[in-house]
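Trainee: I'd like to go through this one with you and ask how each label is earned.
Mentor: Sure, let's bring it up.

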Amino acid sequence: MVSRRDFIKLGLSTTAMAAAGCRQLSFRRRSKAHVVIVGGGFAGASAAKTIRKLDDSIKVTLIESNPRYLTCPGSNWVLGGLRDLESLGFGYDQLALHYGITVIHERVTAVDAEKKSLRLSNRQTINYDRLIMAPGIDFRWGDIEGYDAAVAEYIPHAWKAGQQTQTLASLVQAMPDNGTIAIVAPANPFRCPPGPYERASMLAYYCRQHKPKAKVLILDHKRGFSKQDLFVEGWKQHYGYGTHAALIEWQSIADNPVIALAAKSKTLQTDFGDQIKADVLNVIPAQKAGLIAQQAGLCDDSGWCPVRPVSGESTLRPDIHVIGDAAIQQPIPKSAFAATSEAKVCAFAVVDLLNERELSEPVWVNTCYSLVTADHGISVAMVYKLNEAGEISALAGAGGVTEHTDRQSLYLESRYAMGCYDSITRNTFS
Ligand SMILES: Cc1cc2nc3c(=O)[nH]c(=O)nc-3n(C[C@H](O)[C@H](O)[C@H](O)COP(=O)(O)OP(=O)(O)OC[C@H]3O[C@@H](n4cnc5c(N)ncnc54)[C@H](O)[C@@H]3O)c2cc1C
């Protein structure tokens, strides 16, 4: 449970934001400062909107390569046949119209931290007073020999929604009725800790209806995973987990990682020389911060971006903040929900800094639902605060995982999963 004091603080920040949103926006007022945001995903779009709601005298420019954003949340549901890909798409018109955000659809190709300027793919230069980087993730190609961006076009990772999701769905639909799908799950940290297991559930859900003799094999570079007990319980109920006819099998390969992939024969090779062949391979590579964050010198040796938790400001480059999946914000997981929470903390801090006010004490929230079947949902939630050492830590007694596992409660959780998706996307993009 959240303590009464924390709850009041959470309520106050929400109330402050709501009040800011009610204010009449006057887009023609002279700008106090220019904040530029790179990346229009959950993190970047939320930060842009929150800054404008808090202080409409700040000019905000959002730079995003794609005119339409396809959410990864919900993309596993596409594989289970529960949603179509197009329904996961959001444009940026409403952010421009309702909040006066300048939206530019170009790729940022370089950041000059000294001159406080950015270079775009159309060669335009843009100056900023403060920069917020929210570029998401990139992959550590090279960890698995024979697997790179070109091979991933036909052996998909599907860890960025879009064509990759479509390719994986088509391969599964076309495989033999008794085929095997091998999902290779990465080591920590990576985007969406419960994602590979929801994916296995959704693929098994599809196969149970269309290819009941198929198998989904998870080869995991970890020894355990998010919401494991709840997933395993669900797999036992619905997919015969642990029996000879199981639709899902999970194996830890933490001590025997995949080191090579032969694309033609769809075979994985592990460190001990095991050969694993499958009809469909879904290899989710190890990850790092999005390329532009690396090029801008915002990453440390881990490949992720160290930041000051209280503001999201980079510890490596002044006046640049990093939010969302690209940032190191442990123990907060890399999720869309957490990305919007980090974005709001950062937006409050940026507005305070530009107004020369003291920074307020942040609170972060994460909630993550997963579907085991269409009518069986599970969840994890947590509240985070700074501890006395100034590090982010989970608030004792707050949050937890799904408690009630009777049929009706799990059914309700599946409906909350859809509700959570609708509310987070509406909150971010409209
Ligand atoms: C299968 C799957 C299921 C998931 N399910 C859930 C879920 O149920 N709930 C949940 O909370 N999270 C979920 N997630 C995690 C969630 O998708 C991420 O945590 C979230 O997208 C992170 O947001 P972000 O804004 O940091 O990055 P992104 O969403 O990746 O956005 C980054 C944006 O930056 C843009 N960009 C990058 N570089 C540049 C550049 N140089 N110039 C211009 N633009 C650039 C990109 O085009 C992109 O639009 C899931 C992830 C996956 C893979």
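Mentor: Start with the polar contact: a pair of N or O atoms within 3.5 Å (within protein, one must be able to donate a hydrogen and the other to accept it, and residues adjacent in sequence count only if both atoms are side-chain atoms). This is a predicted model, where local features need pLDDT of at least 70, side-chain atom pairs count only at pLDDT 80 or more, and totals for chains, interfaces and linings use all residues. Residues are numbered from 1 along each chain as its sequence is written, and side-chain values use heavy atoms, with hydrogens and water left out.

Trainee: What makes Ser65 a polar contact of the ligand?
Mentor: An N or O atom in the Ser65 side chain sits 3.1 Å from a ligand nitrogen, so the pair falls within 3.5 Å.

Trainee: Why is Arg130 with Glu313 called a salt bridge?
Mentor: The term needs a side-chain nitrogen of Lys or Arg within 4 Å of a carboxyl oxygen of Asp or Glu. Here the closest N and O atoms are 3.5 Å apart, so the pair qualifies.

Trainee: Why is Lys211 called buried?
Mentor: Buried means under 20% relative accessible area, exposed over 50%, and partly exposed in between (1.4 Å probe, protein chains only). Lys211 has 6% relative accessibility, so it counts as buried. Its salt bridge partner is Asp177, with the closest N and O atoms 3.6 Å apart.

Trainee: And what makes Asp138 partly exposed?
Mentor: Its relative accessible area is 22%, so Asp138 lands in between the two cut-offs. Lys160, at 32%, is partly exposed too.
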